Amino acid sequence: MRTGDTSDHGNAGPGPAHNHPAGHGGGGYGYGYGDEVGSADSAPHRNFRDYLLILRERMWYVIVVFLVIFSASLVYTFSRTKQYTAGATIEIMRRDAVVMKVEEVRDTELRGPEDLNTQVKLLESFAIIQKVSERLVGPEAKAFMAAYEKGGSGDPIMPREILGLNRKVIPVRQTRLIMVTYTHPNPEVAAKVANLFVDEFVTYNSRQRMSESMKAVEDLKNRAESQSQKVQELAINLQSYRERNNMVSLDQRKDIVTEKLKALNILVTQASSRMKESEVRWAQVQEFRQSTASLADLTFIATVPLIQNLSQQVAAQKIGVAQLQQRYRAKHPKMHEALQSLSQTEAELTRALDTVANNISSEYQTNRRTFEEARADLAAQELEALKLDRLMVEYQSQKNTMEVNEQLLANIVGRMRETAMSANIETQNARRLDAAVAPRPENHSSPNRLLHTALGFFGGLGLGLAFAFFVAFIDDRVKSAFDIEAVVGLPLIAIVPQIRRMEPMEKSQVAISNADPQAAEAFLSLHSNLRLKDESKNAKVIIITSTTPSEGKSFVSSNLALTFAAHGERTIIVDCDLRKPNVHRSFGVENLKGVIDYCVSGAPLDSLIIKDHLANFDILPAGGRAKNPTQILNGKNFELLIAELRTRYDRVFIDTPPLAAVSDAMLVLPLADGSIFTIMFNHVRRKAAQFCARRLMDANVPCFGAVLNALNLSVSGYYYAQYYDKSYKDYFVVADDGSESEKQ
C-alpha cells in the first residue's frame with residue numbers, strides 16, 4: 001500500500017489549479033478546462049482541440065461513412081456507361097445581309113443582350129427539338145435510341161422526349177457565338193445530333209422569316225383590296241357632291257366670283273368718293289343759302305362758265321352804272337337803261353345760281369343712290385362668295401380624304417410588292433461557324449473519373465466529419481472537462497479511471513491496496529486537491545452524491561475516506577443511503593445496525609460504529625433499509641449524530657442517495673461542510689447533471705467540485721491525454737522486493 005503525507009501529493013493533480021467562480025461553491029482544485037477557465041470573468045468554451053478530440057473519439061464513424069461514400073463513387077464512376085460530347089458553334093449575325101433596301105417584316109437585328117438571349121432561348125425551345133426529332137429517321141434514329149431503350153411492354157420512348165435532356169446551349173461571353181453540345185454514348189450520334197440542332201436552328205429562323213413575310217403579303221393584299229374599294233366610294237361621293245352643287249367648273253366659277261368682287265369693290269369705292277364729294281358741296285350750298293351769302297362766292301359754283309360770265313357782266317355793268325352816275329342823274333335815260341340792264345343781268349345770275357344749286361342737289365342724290373346700289377350688289381356678291389367657300393371647304397375635305405386614301409392605297413400596294421420580293425430572297429441571321437466532330441473513343445466527357453473520385457473522396461470525408469459531429473451533437477452525455485465545467489457548472493477536481501476485472505470489495509479499497517495504480521493515484525490527487533483550499537481543507541463533514549444510481553458514489557466515498565485515513569486522519573464513512581445501502585458490501589461488514597438504529601431507537605453510537613476496520617478508519621452502516629428515510633434524515637437525532645461524529649473524527653464522509661432519484665442528499669447537505677459530486681464517464685445526461693449540480697450550489701453549502709468516475713482508458717486519449725498518457729505508466733508501477741526500493 002502506498003501512503004504518504006500531503007506534501008508528497010500536493011501537486012499530484014494532472015492539471016493546473018484554478019479559481020472556480022464563487023457561485024459554484026468551490027474551485028482551485030487542479031483540473032481546469034482549456035485556457036480560459038482560470039478567469040472568473042470568462043466562461044469555458046470549446047476550442048479547436050476539443051473538436052479534434054470529438055473527432056478522434058468518433059473516428060470510426062468518419063472512416064465508415066468515408067468508405068461507403070468513396071466506394072459508392074468508385075462503383076458509380078467505373079460502372080457508368082461512357083458518354084461523349086460533341087459541340088457545334090453558331091454565329092448570330094448582327095443584322096441580315098442587305099440585298100434590297102427594303103424593311104423586313106421580322107426584325108432580326110441584334111440591339112443588345114436581350115436579343116441574343118432570345119436567340120438562345122429559341123435554340124432551347126421545344127420547336128427546335130421537334131424539328132430535330134423529325135430529322136432522326138431510319139438507321140440514325142435506331143443508333144440514337146439504342147442507348148435509351150428500356151425493357152418491358154410500356155410505351156416506347158420518343159426521341160423528342162430525351163433530346164432536350166442531353167443538349168446544352170452555351171453562349172460564349174462577350175461574343176455573338178453560341179455553342180451547342182450534345183452528349184451520347186455514341187460519339188458519331190453526338191456529333192450528328194449537335195449539327196442537326198444547328199442546322200434546324202438556322203433553317204427554322206429562315207423558314208419563320210419567309211412564313212411571316214408571306215403572311216404579311218397576304219394581309220397587305222387584303223388591306224389593299226379593302227382600301228381600293230374605299231377610294232372608289234370616296235371618288236363617287238365627291239363627284240355626286242359636285243353635281244348637286246353645280247360645281248362642275250368649280251375653279252372657273254371661283255375666278256368669276258373673285259373678279260366680280262374686285263370690280264364691285266372698286267365701284268363701291270368710287271361711288272362712295274363721289275357721294276361724299278357731292279354731299280360736301282350740297283352742304284355748303286345749304287349753309288350759304290341760310291346765311292344769305294351769295295352762292296357765287298363758292299369756288300365750285302364760281303367756276304361754272306355761265307355763273308362766271310354773268311358775274312363778269314354784273315361787275316362790268318356795275319362799273320358802267322357807277323361811271324354814268326358821275327355824269328347823269330338817276331332819271332336820266334341812260335342811267336335808267338343802264339340800271340335796267342344791270343337788274344336784268346343780276347336776275348339772270350340769280351336764276352343761274354339756283355339752277356347750279358339744284359344741279360348740285362340732284363348730283364348728290366344721284367351719287368347717293370349709285371353708292372347704295374353698288375354696296376347692295378357687293379353684299380350680294382360677298383354672300384355668293386361665302387356660300388361658294390363653304391361648298392369649297394366640304395368639297396376640299398372630301399377631296400383630301402380621297403387623296404389620303406389614294407396615297408395609303410399606293411403605300412400598301414408598294415409595301416406588298418416589296419415584301420413579296422424580299423420573301424423570295426433567302427437571307428439568314430445565323431450561320432454554322434464550326435461543325436461538330438465525333439470525339440475519339442478515349443476522349444469521353446462522362447464519367448469524369450478524376451473529378452468523381454475527388455468528389456467521392458472529399459464528399460465522403462466531409463459527410464463522415466458531418467456525421468461524426470452530428471452524433472456528437474445528439475450525444476449529450478457527460479464526457480469531457482468542458483461538459484463538467486462549462487455545462488454542469490462545477491470544477492473538475494479528480495478523474496478516476498475505469499477499473500476492470502475486480503471484485504466490488506477490492507474496488508472499494510483500491511486507494512490503499514494499489515491493485516490499480518492509476519486509480520490509486522487518482523484518489524491521491526483528489527486528496528491533494530481538497531487540501532489546496534481552506535474551505536475543503538478544513539471541512540470535516542463531506543457528503544458524496546451523484547445524479548443517478550450506479551455512478552460510483554459509494555466507490556468514490558469509500559476510497560476517498562481510505563485515502564484520508566491513510567494520511568493519518570481519523571476518518572469514518574457513514575452510509576446515509578437508507579433506501580439502497582451499499583457501504584457494508586464495499587467493506588464486507590454486516591448491515592444489521594447503524595444510522596437507523598441511532599436515529600429511531602436511540603441506540604448507543606459506540607455499539608453501532610465498526611471501529612478500526614482499517615487503520616484510522618471506522619464504518620457506520622445504514623443499519624438496514626428505512627421505510628421513512630426522509631423523516632429519519634430530517635430528524636433531531638440525525639443532527640445529533642453528525643454533531644457527535646464531528647467531535648470524534650477528523651473527517652466524516654457521508655454516502656448519500658443520488659439527487660435525481662430522491663431528495664435525501666438535500667436533507668443531509670445543511671449539516672455538512674461541503675459536497676463532492678460524482679459523475680460517471682459517458683453515463684449521465686448533461687441536463688440532468690446540470691440540474692442536480694445547480695441544486696447543490698443553491699444550498700449555500702460549498703460544493704468542492706466534481707469527480708469524473710470510470711473513465712474508459714481506451715478513449716481517455718480523446719479527452720484527457722494530458723492526464724493519462726502512456727508515458728505516465730512507469731510512475732504507477734509498485735516496486736517488487738528485488739527491484740529498486742522506494743525512498744522514504
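This report walks through a predicted model of one protein, from overall confidence down to a few aromatic pairs.

## Confidence and overall make-up

Let's start with how far to trust the model. The average pLDDT is 80, and 84% of the residues score at least 70. Two stretches call for caution. Residues 32–43 stay under 50 in pLDDT, and the model gives them 22 contacts beyond four places in sequence. Residues 733–744 are also below 50, with 2 contacts beyond near neighbours in sequence. Where pLDDT is low, the predicted coordinates should not be read in detail.

As for the parts list, the protein has 26 helices and 12 strands. Of its 744 residues, 43% count as buried. Among contacts with a separation of 6 or more, 80% are between residues 24 or more positions apart.

## The four-stranded sheet

One open sheet has 4 strands in the order 2-3-1-4, paired antiparallel. Strand 2 (167–171) and strand 4 (430–434) sit at the edges with a single partner strand each, so each has one side without a neighbour in the sheet. From one strand to the next, the twist averages 30°.

Inside this sheet, strand 1 (residues 84–92) and strand 3 (residues 177–184) run antiparallel and share 8 bridges. If you want a spot to look at, Tyr 84 has His 184 of strand 3 as its bridge partner. Helix 4 (residues 113–124) lies across strand 1, strand 2 and strand 3, at about 170° to strand 2. Helix 8 (residues 187–244) packs on the sheet too, touching strand 1, strand 2, strand 3 and strand 4, and its direction makes about 20° with that of strand 1.

## The eight-stranded sheet

The other open sheet to look at has 8 strands, in the order 5-12-11-6-10-7-9-8, and its pairing is mixed. Here strand 5 (492–497) and strand 8 (610–614) are at the edges; each has a single partner strand, so one side of each is left without a neighbour in the sheet. The twist averages 25° from one strand to the next.

For a parallel pair, take strand 6 (residues 541–546) and strand 11 (residues 674–680), which are joined by 5 bridges. Ser 546 stands opposite Thr 678 of strand 11.

Two helices lie across strands of this sheet. Helix 17 crosses strand 5, strand 11 and strand 12 (703–711), running at about 165° to strand 5. Helix 19 lies across strand 5, strand 6, strand 7 (571–575), strand 8, strand 9 (617–620), strand 10 (651–655), strand 11 and strand 12, at about 170° to strand 10.

## Nonpolar cores and a covered helix

In soluble globular proteins, nonpolar side chains tend to be buried together. In this model the largest nonpolar core has 52 residues, and those with the most contacts inside it are Val 574, Leu 620, Phe 638, Leu 645, Ile 654, Phe 677 and Ile 679. Helix 25 (residues 686–697) supplies the largest share, 5 residues. Apart from that core lies another, of 35 residues, including Leu 122, Val 189, Ala 194 and Ala 436.

Ile 679 is a handy way into the larger core's surroundings. Beyond four places in sequence, Ile 679 is in contact with Val 478, Ile 484, Val 488, Glu 551, Val 684, Ala 706, Val 707, Leu 708 and Asn 709. Ile 484 and Val 488 are also among the buried residues of helix 14, along with Ala 481, Phe 482, Asp 483 and Glu 485. That makes helix 14 (residues 481–488) mostly covered, with 6 of its 8 residues buried. Right after the helix comes Gly 489, with a positive phi near 95°.

## Aromatic pairs

The structure holds 10 aromatic pairs. In one of them, Phe 457 and Phe 458 meet edge-to-face, 5.1 Å centre to centre with 85° between the planes. Phe 457 counts as partly exposed because its relative accessibility is 36%, while Phe 458, at 58%, is exposed. Both belong to one aromatic cluster with Phe 66 and Phe 70.

Another edge-to-face pair is Phe 523 with Phe 555, at 5.5 Å centre to centre and 75° between the planes. This pair links distant parts of the chain, with Phe 523 in helix 17 (residues 517–530) and Phe 555 in helix 19 (residues 553–566), 32 residues apart. Both Phe 523 and Phe 555 are buried.

Conventions: Residues are numbered from 1 along each chain as its sequence is written. Side-chain values use heavy atoms; hydrogens and water are left out. pLDDT is the predictor's confidence in each residue, from 0 to 100. Contact means heavy atoms within 4.5 Å. A nonpolar core is a set of buried Ala, Val, Leu, Ile, Met, Phe, Trp, Tyr and Cys residues joined through side-chain atoms within 4.5 Å. Buried means under 20% relative accessible area, exposed over 50%, partly exposed in between (1.4 Å probe, protein chains only). Two strands pair if DSSP finds at least two bridges between them. Axes are lines fitted to C-alpha atoms, for helices over the stretch in contact, and angles run from 0 to 180 degrees between N-to-C directions. Rings of Phe, Tyr and Trp (its six-membered ring) pair if their centres lie within 6.5 Å; planes under 30 degrees apart count as stacked, over 60 as edge-to-face and the rest as tilted.
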